[in-house]
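Here are my notes on the model you sent over. Have it open while you read, and go through the points in order.

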Amino acid sequence: MILVHRVKGGSIFLNSDLIESIEATPDTVVTLADGRRLLAADPPTELVHRISIFRASVLAAAEDMRRSPGADLVVLPGRED
């Protein structure tokens, strides 16, 4: 989830996996996978930066969980190893 500031005020946390495109027209328009559009006050480069940081934090957290004591005790459904 990333923080997006709306043009008309307020903010929203947006699931970055649902973003199809981000464009400057000159307002920032975020188009979601279902076709909905959101006008954002943030520049497109800032939103892309937030997405990159969020995804990196997910990968880092997964690695921390994998390396933590007892991680080998977690059994995922369908996995026998």
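1. Start with helix 1: its 24 residues reach 35 Å from the first C-alpha to the last, close to the 34 Å expected at 1.5 Å a residue. (The expected span is 1.5 Å times one less than the number of residues.) Helices here are DSSP runs of H or I with at least four residues, strands are runs of E with at least two, and both are numbered from the N terminus.

2. Before going further, some ground rules. This is a predicted model, where local features need pLDDT of at least 70 and side-chain atom pairs count only at pLDDT 80 or more, while totals for chains, interfaces and linings use all residues. Residues are numbered from 1 along each chain as its sequence is written, and side-chain values use heavy atoms, with hydrogens and water left out.

3. Now the sheet. It is open, with 3 strands in the order 3-4-5 and antiparallel pairing; two strands pair if DSSP finds at least two bridges between them. Strand 3 (19-24) and strand 5 (37-40) are at the edges with a single partner strand each, so one side of each has no neighbour in the sheet. On average, neighbouring strands are turned by 20° against each other, direction ignored.

4. Look at the pairing of strand 4 (residues 28-32) with strand 5: they run antiparallel and are joined by 4 bridges. V29, for instance, has L39 in strand 5 as its bridge partner.

5. Back to helix 1 (residues 44-67), which lies across strand 3, strand 4 and strand 5 and runs at about 150° to strand 3. Angles go from 0 to 180 degrees between N-to-C directions, with axes fitted to C-alpha atoms, for helices over the stretch in contact. Contact means heavy atoms within 4.5 Å.

6. Which residues of helix 1 are buried? They are L47, R50 and I51, and the buried residues of this helix pack against strand 1, strand 3, strand 4 and strand 5. Buried means under 20% relative accessible area, exposed over 50%, and partly exposed in between (1.4 Å probe, protein chains only).

7. L47 deserves a click. Its relative accessibility is 1%, so L47 counts as buried. Leaving aside neighbours within four places in sequence, its contacts include I2, V4, I22, V30 and A40.

8. Finally, the largest nonpolar core has 10 residues: I2, V4, L14, I19, V30, L32, L38, A40, L47 and I51. Strand 1 (2-5), strand 4, strand 5 and helix 1 each supply at least two of them. Such a core is a set of buried Ala, Val, Leu, Ile, Met, Phe, Trp, Tyr and Cys residues joined through side-chain atoms within 4.5 Å.
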